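Thanks, everyone. I'll keep this brief and go from single residues up to the chain pair. Have the structure open as I talk.

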Amino acid sequence: MRTRLLLVAAGLAVLSAAACTAGTESAPAIPSAGSTPDQKPVTITMWHGFSADNELKAFDDALAGFKQKYPWITVKTTKAIQDDQIIQSARGGNPPDVAMSFTTDSVATFCKTGIFQDLKPFLAASKIDESIFPKVIAEYTQYQGNRCVMPMLADSYGLYYNKKLMKGEQPPKTLSELAALTKKLTVRAADGTIKVAGFVPHSQMYENAPIHTGTMVGAKWTNPDGTSAVASDPAWKQLMTWQKDLVDWFGYDKLEKFRKSMGDEWSADNPFMKGKVAMAIDGEWRNAMIAADAKDLDYGTAPIPVADDKPQLYGGGFIAGTVVGIPRGAKNPEAAWDLVKYLTTDTDAVVNLSNALRNVPSTLPALQSPKLDKDPNFQTFLDIFANPSSATLPAQLNSVFNQQTLQEAQIKWESGRAPDLDALLADVDKKINDKLKLTSGN
Amino acid sequence: MATTTLGRRGEAVPARLKGRHRVNLTALLYLSPWLVGFTVFFVYPLIATVYFSFQRYDLFTLEPVGLLNYKYFFQDGAAWTSIRNTLWLVVVMVPLRLLFALGVAQLVTKLKAGVGFFRTIFYLPSLVPLVAGTLGFVYLLNPGTGPVPTILSALGLPSPDWFGDPSWSKPGLTLLALWSVGDLMVIFLAALLDVPKQLYEAASLDGAGAWQQFYHVTLPVIRPVLTFAAVTGVIQTLQYFTQAMVAARVASGSTDSAGSVFTPGYPDQSTLTFPELLFQQGFRDFAMGYACVLALLLFAVSMIFTLVLLRQFRGLDEEAV
């Protein structure tokens with residue numbers, strides 16, 4: 001009996017140990033410049049997030065270009081992948097050779113836990129000069145010195161304006177100009193209901209999340225030691241005070257009713273495309289959507305307005321993008337690096353993808369390529385991308401939690417349900433710092 | 001006469017004992033599929049959850065942190081908000097669902113014609129998938145385009161922003177729960193139809209009115225069904241997730257895109273339930289150690305309610321004997 005108990009206990013111990021260490025082994029990265037043509041033909045797997053027909057075609061074309069350059073490598077793709085699937089595959093020890101993420105929110109986790117391999121040895125072996133990337137990109141592709149992903153195309157954010165609704169006015173450059181123009185262009189019904197909004201100022205509007213609007217005032221998320229800077233940086237208070245003043249001018253309930261009557265952001269019913277909103281913050285991709293679904297819309301683009309006392313910020317905006325890397329445990333890291341290198345540093349490949357998807361190319365040589373399709377409205381976003389005032393949300397642990405915590409505070413403040421802004425921001429700091437301590441011990 | 005044989009170490013083993021031993025082994029063999037399943041899917045996960053609750057665990061790396069995860073629970077405002085919300089739903093939504101289902105079932109039993117039609121009409125909403133039903137409800141009550149606020153407005157009546165105002169969001173979810181009460185209604189209907197008619201006749205002859213008949217005849221007979229519905233309702237509500245998540249996402253206008261942050265519990269965490277918080281901590285923030293603390297708490301509370309259920313049934317069985 002005792003022997004049997006011992007056996008059972010040993011079995012449970014083995015099971016426990018197996019669970020505790022599941023996925024913790026680190027696959028050896030092979031720092032190399034990639035595979036060589038004299039190698040045997042190899043097939044690699046790649047997971048990506050594209051799902052729309054035009055995106056899939058553009059990406060297949062890019063892979064066809066890769067096949068021409070690396071004929072011994074065949075790429076098998078899986079579409080519509082999200083971050084949690086990448087994480088589970090790495091944990092299960094059966095990841096793809098290359099994986100792509102549409103959001104930069106997971107980069108800190110990817111790098112810290114080693115879900116994606118450090119690419120610095122590969123970059124060094126391939127002698128790739130990292131100055132081909134704008135400086136801001138380094139902030140969202142590495143964490144604590146570990147560059148575990150590379151940028152594959154980028155997004156930059158600016159102001160779209162409907163020329164007809166602007167009634168001859170020029171796009172605003174400062175927050176006070178934006179507020180004045182919003183009031184001038186807003187059209188209300190007799191009962192005060194909003195028919196056309198000059199600009200919808202609150203944080204719940206589609207792309208008005210704090211990561212995007214924070215660049216209007218140069219707001220900082222973190223202190224050098226990694227703790228929250230939300231309460232201590234007066235820029236957040238400046239932004240939220242400005243937003244609240246304008247929300248109050250509309251009336252929160254009326255603005256919410258107007259917002260909830262709008263169509264889906266990603267459909268042809270987008271309120272800017274439908275002429276319901278005169279000015280809106282949005283990414284460069286909106287140009288392609290307007291071209292597809294609202295051909296007759298007469299519109300222009302400009303950098304987002306900035307705080308009146310910080311005119312030097314004008315011209316910049318928020319930047320983020322798609323990232324791609326080699327998960328740990330990838331079976332063909334050398335060939336995988338060939339693909340990552342091609343998609344992220346080959347100027348023609350980056351330009352072709354940018355032209356097809358109408359995203360901003362993520363290298364400076366691609367930005368200057370004569371092959372890059374440009375028009376005045378798209379050029380605005382290329383300029384924002386290259387502007388030194390542009391900023392991103394640096395890779396950080398609990399990135400989504402931090403953004404959510406600030407946005408919850410913004411909603412409470414805008415709605416008038418929390419009247420003390422200082423106390424609200426101090427509470428945001430506390431929550432973010434407590435969570436940081438929980439997840440990282442810092 | 002008992003025969004004896006020699007054991008492994010040479011001791012004498014009675015044949016009767018040996019036979020019992022064989023019977024035990026056979027029983028174990030028959031039980032083994034369940035034992036394996038119970039160990040793999042319950043005992044081991046439970047032990048692992050306790051173990052991980054003392055670790056900082058992000059699915060890849062483990063670091064012992066003592067009681068840190070438990071301490072964080074006491075200072076986590078979202079945890080207490082989610083507990084309050086979940087308790088609100090248990091205290092308000094569950095009794096209302098029971099009362100409404102019982103009322104509808106009672107009505108259907110009194111119908112003289114069209115019983116099948118009305119039974120189907122009341123039952124149908126419970127067949128609608130949770131996500132679809134919630135989407136439909138949020139659309140119906142949308143203050144911008146929803147038919148309900150439009151009609152109320154046309155009548156000159158005010159309409160709240162059901163899923164956008166923190167004081168109306170939980171009542172909104174309760175309305176949704178009442179709409180899909182058909183599953184309970186069918187159970188109650190069966191129980192009501194099982195009440196012996198002669199009991200009502202006897203009560204009527206004794207001069208009992210409708211309320212007295214309900215209180216003294218109907219309720220005692222259907223009590224086991226009511227108890228079952230109440231306790232399973234409480235356990236289901238402790239695990240309330242899908243409707244709250246979908247309603248908050250749709251009402252917030254959040255789209256599942258890069259740069260767009262969804263705030264579960266929208267607005268102001270008023271619909272944040274305990275399972276939602278657990279999911280967020282474990283699978284969004286990868287604070288698995290802390291998620292294990294929350295899971296253990298949920299397990300303990302659910303166990304308490306299960307024990308209450310078992311005790312109630314045992315009490316009823318003894319009464320019946």
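Start at Lys127(A). Is this residue buried or exposed? Count the neighbours: 7 other C-beta atoms lie within 10 Å. The cut-off for exposed is 12 or fewer, so Lys127(A) is exposed. This is a predicted model, please keep that in mind. Why stop at this lysine? Look at the backbone. Lys127(A) has a positive phi, about 55°, and it is not a glycine. Most residues other than glycine have a negative phi. As for its place, Lys127(A) sits in the loop between α5 (120-125) and α6 (135-141) of chain A.

Now go over to chain B, to Asp268(B). Here too phi is positive in a residue other than glycine, near 55°. The surroundings are another matter. Asp268(B) has 20 C-beta neighbours inside 10 Å. Buried starts at 20, so Asp268(B) counts as buried. Its loop runs between α11 and α12 of chain B.

Step back to Pro267(B). Which residue is joined to Pro267(B) by a cis peptide bond? That is Tyr266(B), with omega about -5°. Most peptide bonds are trans. Pro267(B) lies in the loop between α11 (242-252) and α12 (274-284) of chain B.

Next, a helix pair, still in chain B. Take α4 (residues 115-123) and α8 (residues 182-193) of chain B. Their axes are 8 Å apart, and the packing angle is about 140°. What do we call that? Roughly antiparallel needs an angle over 145 degrees, so α4(B) and α8(B) are oblique to each other. Who makes the contact? From α4(B), Arg119(B), Phe122(B) and Tyr123(B). From α8(B), Gly182(B), Met185(B), Val186(B) and Leu189(B). By class, the residues of this contact are 5 nonpolar, 1 polar and 1 charged.

Now chain A as a whole. It holds 18 helices and 11 strands. Its C-alpha atoms fill a box of roughly 80 × 60 × 35 Å along the principal axes. Is the radius of gyration in line with a compact globule, or out of line? For 442 residues, the globule rule gives a value near 22 Å; chain A has 24 Å, which agrees. Buried residues make up 51% of the chain. Of the contacts with a separation of 6 or more, 76% join residues 24 or more positions apart.

On to domains. The assignment splits chain A into domain 1 (31-155 + 319-386) and domain 2 (157-315 + 396-440). Their centres, over C-alpha atoms, are 30 Å apart. Domain 1 puts 14 residues into the contact and domain 2 puts in 15. On the domain 1 side, the elements giving two or more residues are α4 and α16 (376-386) of chain A. α16(A) gives the most there, with 6 residues. That side divides into 5 nonpolar, 4 polar and 5 charged residues.

Last, the two chains together. How many residues of chain A are in contact with chain B? The number is 44, against 36 residues of chain B. Several helices of chain A each supply at least two residues to that side, among them α1 (2-21), α3 (83-92), α11 (252-260) and α18 (421-440). The largest share comes from α17(A), with 8 residues. By class, the chain A side has 16 nonpolar, 16 polar and 12 charged residues.

That's my tour. Over to you.

Notes
Residues are numbered from 1 along each chain as its sequence is written. Chains are lettered from A and ligands numbered from 1 in the order in which they are written. This is a predicted model: local features need pLDDT of at least 70, side-chain atom pairs count only at pLDDT 80 or more; totals for chains, interfaces and linings use all residues. Two residues are in contact if their C-beta atoms, placed from the backbone, lie within 7 Å. Helices (H or I, at least four residues) and strands (E, at least two) are DSSP runs, numbered from the N terminus. Ala, Val, Leu, Ile, Met, Phe, Trp, Tyr, Cys and Pro count as nonpolar, Asp, Glu, Lys and Arg as charged, and the others, Gly among them, as polar. Axes are lines fitted to C-alpha atoms, for helices over the stretch in contact, and angles run from 0 to 180 degrees between N-to-C directions. Angles under 35 degrees count as roughly parallel, over 145 as roughly antiparallel, 65 to 115 as roughly perpendicular and the rest as oblique. The radius of gyration is taken over C-alpha atoms; the globule rule is 2.2 Å times the number of residues to the power 0.38. Domain bounds come from an automatic or database domain assignment.
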